[in-house]
Amino acid sequence: MSAPRYSFYKRVLPSSCTAFSSKRGKDIFVSALQNHGLKAYYALMEQHTTQSEPAFCGISTLVIVLNAFSVDPKQSWKGPWRWYHEDILNCCVDLEVVKEQGITFRDFSCLAICQGLSVDVRYADSEKGSVEEFRSAVRKVCIEDTADGVFVGNQNKINLVNPPVGNNGTPSHQSDNAEEKSDTDAAPDALQDILVVSYDRKTLSQTGSGHFSPLAAYDPISDSVLILDTARFKYGAHWVSLQLLHSAMIPPDSATGRSRGFALLSRPIDEREQHLSNDLLPVSMLFQFKFSEEAKNHQADFKKFLESRDKSTTITWEEVYHHWTRGGSDPSFVWRMIEPQFKPHDEETTNLVNEVIAAAQGLLSSSTSAKHVVDKSEEVDPCLTGCRPNHARTLPIRPVEAIFIVFLSVLDKDERRKFVASALAAGQSKMGPAEEKLLTVANIVGKYINMAATGEKTLV
């Protein structure tokens, strides 16, 4: 007895879609395998999950993507384990509102950026979102490089039951080093790009309206893509024509008035890469240092500003604040030079970092020269100013606190300590371990500014 077409326990796919587990679905899968169209499939299938709320398709899709990329959320999920779950993705949206309304394409993009992903958004009614561009993106994400040793059909077929044996008695396709072989087989391939689609279900003759899902595979022979539907309580994974899916992205979203589309998501840059670190600098507990050409230009500009001012007077907090907010027009401008550090993993370091941030906040509130600036400054929501990369995975430092530490960094050692002591006295406090750590952070930031701006290779 077949399942009813409309039910609250799964629904039968319309004729426009082919169930992944059907005979034809399996045939398309074999064709995709033979034509190298499964590059994204394995990592995504390992993490495919069912959305925990009826309107969580966008949130759940991003969870699948982040876990497929092996992104560390930098915060606990259950017990000591760090893992992406829908409840973590609350930096750009109110999850209680999402439960009722879902999210827009822009919200999805912002959430992805805040978790450290690079996002290339294409609206289907634009030239860059055309069906040709969509097919090109699908091929980029799903078609494997045949030079990577992909085995196709009977070509380069590996016998996993009775593999050929080499002269030393080990399978000829395996390494002689058992430990090396084990490490290689245990580590998943690093997926670089994943494609997510936002579309109207009605165009596919499905029930419902707007929906998000990742694309896991492409068969160039039938020109079909595999949708890993996150609403598995309703529809399972299924194949659909690439052309039809693109058509389903064109109807406007009633919440935005714009078409839907597709987003090419790329894994985050390794946190240890040169643009966010330098082996010659001590590690700062609060900041990551940038060494891109853009950052160097901003640092050099700051050095020129410092050299051009009247040297007979000590630089003031207001001057530094004015420079790093572009006169108040860009409160987040300082993030073009430095970025907040990633959240620590252990409780002890987390507590220490929070104490140092609290010390900076306390000094800002106590300092008579800084207090009035802080009082009229507002915390900037990164999601309203372009979505700061990794916002949700980094320390909760506001731009105003970062600028304050930059201000401390340009004072000489004695002036820096005197300023902090004076601010503490105004608040009837004394120098403590957190303030000492803050002075150390300011010292490192000062070395970074000098190194990056002058092109020096050492700290001496």
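**Exercise 1. Classify S205 by exposure and describe its backbone in this predicted model.**

Step 1. S205 is placed in the loop between β5 and β6.

Step 2. Its relative accessibility is 44%. Buried means under 20% and exposed means over 50%, with partly exposed in between. S205 therefore counts as partly exposed.

Step 3. The phi of S205 is positive, about 65°, although S205 is not a glycine. Most residues other than glycine have a negative phi.

**Exercise 2. Carry out the analysis for S70: is it buried or exposed, and what is the sign of its phi?**

Step 1. S70 is found in the loop between α3 and β2 (76-78).

Step 2. At 55% relative accessibility, over the 50% cut-off, S70 counts as exposed.

Step 3. Phi of S70 is near 60°, a positive value in a residue other than glycine.

**Exercise 3. Determine how far helix α5 is covered, and name what covers it.**

Step 1. Helix α5 spans residues 105-114, and eight of its ten residues are buried.

Step 2. The buried residues are F105, F108, S109, C110, L111, A112, I113 and C114.

Step 3. The cover over these buried residues includes one helix, α3 (57-68). It also includes the strands β4 (118-123), β5 (193-200), β6 (210-219) and β9 (261-266).

Step 4. After α5 comes G116, which has a positive phi near 100°.

**Exercise 4. Locate L38 and list the residues it touches beyond its sequence neighbours.**

Step 1. L38 sits in the loop between α1 (23-34) and α2 (41-47).

Step 2. Its relative accessible area is 0%, so L38 is buried.

Step 3. With residues up to four places away in sequence left out, L38 touches F29, A32, L33, C142, E144 and A217.

Step 4. One of these, C142, is 104 residues from L38 along the chain, yet the two C-alpha atoms are separated by 5.5 Å.

**Exercise 5. Place T18 and S366 on the scale of exposure, and give their contacts.**

Step 1. T18 is found in strand β1 (residues 17-19). Its relative accessibility is 16%, under the 20% cut-off, so T18 counts as buried.

Step 2. Apart from neighbours within four places in sequence, T18 is in contact with L13, R24, G25, I28, H238 and W239.

Step 3. S366 is found in helix α11 (residues 347-366). Its relative accessibility of 24% falls between the two cut-offs, so S366 counts as partly exposed.

Step 4. Under the same exclusion of neighbours, S366 is in contact with A423, A426 and G427. S366 and A423 are 57 residues apart in sequence and 5.3 Å apart in space, C-alpha to C-alpha.

**Exercise 6. Describe the geometry of two aromatic pairs, F20 with F29 and F404 with F407.**

Step 1. A search of the whole structure finds 19 aromatic pairs.

Step 2. F20 and F29 lie 5.6 Å apart, centre to centre, with 80° between the planes, and this pair is edge-to-face.

Step 3. F404 and F407 lie 6.3 Å apart, centre to centre, with 40° between the planes, and this pair is tilted.

Step 4. F404 and F407 are both in helix α13 (residues 399-410), three residues apart, about one turn of the helix. An α-helix has 3.6 residues a turn, so residues three or four places apart point the same way.

Step 5. Both F404 and F407 are buried. They belong to one aromatic cluster with W317, Y321 and F419.

**Exercise 7. Find where the charged ends of R11 and R258 sit.**

Step 1. The charged end of R11 sits over the ring of F8, 5.4 Å from its centre.

Step 2. The charged end of R258 sits over the ring of Y123, 3.6 Å from its centre.

**Exercise 8. Identify the nonpolar surface patch that contains W83.**

Step 1. W83 lies in the loop between β3 (81-82) and α4 (95-101).

Step 2. The relative accessible area of W83 is 36%, so W83 is partly exposed.

Step 3. W83 forms the patch together with W77 and W81, and the accessible area of the three comes to about 390 Å².

**Exercise 9. Summarise the protein chain as a whole.**

Step 1. The chain has 15 helices and eleven strands.

Step 2. Of its 460 residues, 47% count as buried.

Step 3. Its accessible surface is about 23600 Å², and 50% of that belongs to carbon and sulfur atoms.

Step 4. Among contacts between residues at least 6 apart in sequence, 69% join residues at least 24 apart.

How values were computed:
Residues numbered from 1 in each chain as written. Predicted model: local features only at pLDDT ≥ 70, side-chain atom pairs only at ≥ 80, totals over all residues. Heavy atoms only, no water. Patch = residues over 30% accessible without salt bridge, like charges linked within 9 Å, V, L, I, M, F, W, Y side chains within 5 Å. Areas by Shrake-Rupley, 256 points an atom, 1.4 Å probe, with all protein chains shown as cover. Salt bridge = Lys/Arg side-chain N within 4 Å of Asp/Glu carboxyl O. Helix = DSSP H or I, 4+ residues; strand = E, 2+ residues; numbered from the N terminus. Buried < 20%, exposed > 50% of the residue type's maximum accessible area, 1.4 Å probe, protein only. Phe/Tyr/Trp six-rings, centres within 6.5 Å; stacked < 30°, edge-to-face > 60°. Lys NZ or Arg CZ within 6 Å of the ring centre and 35° of its normal. Contact = heavy atoms within 4.5 Å.
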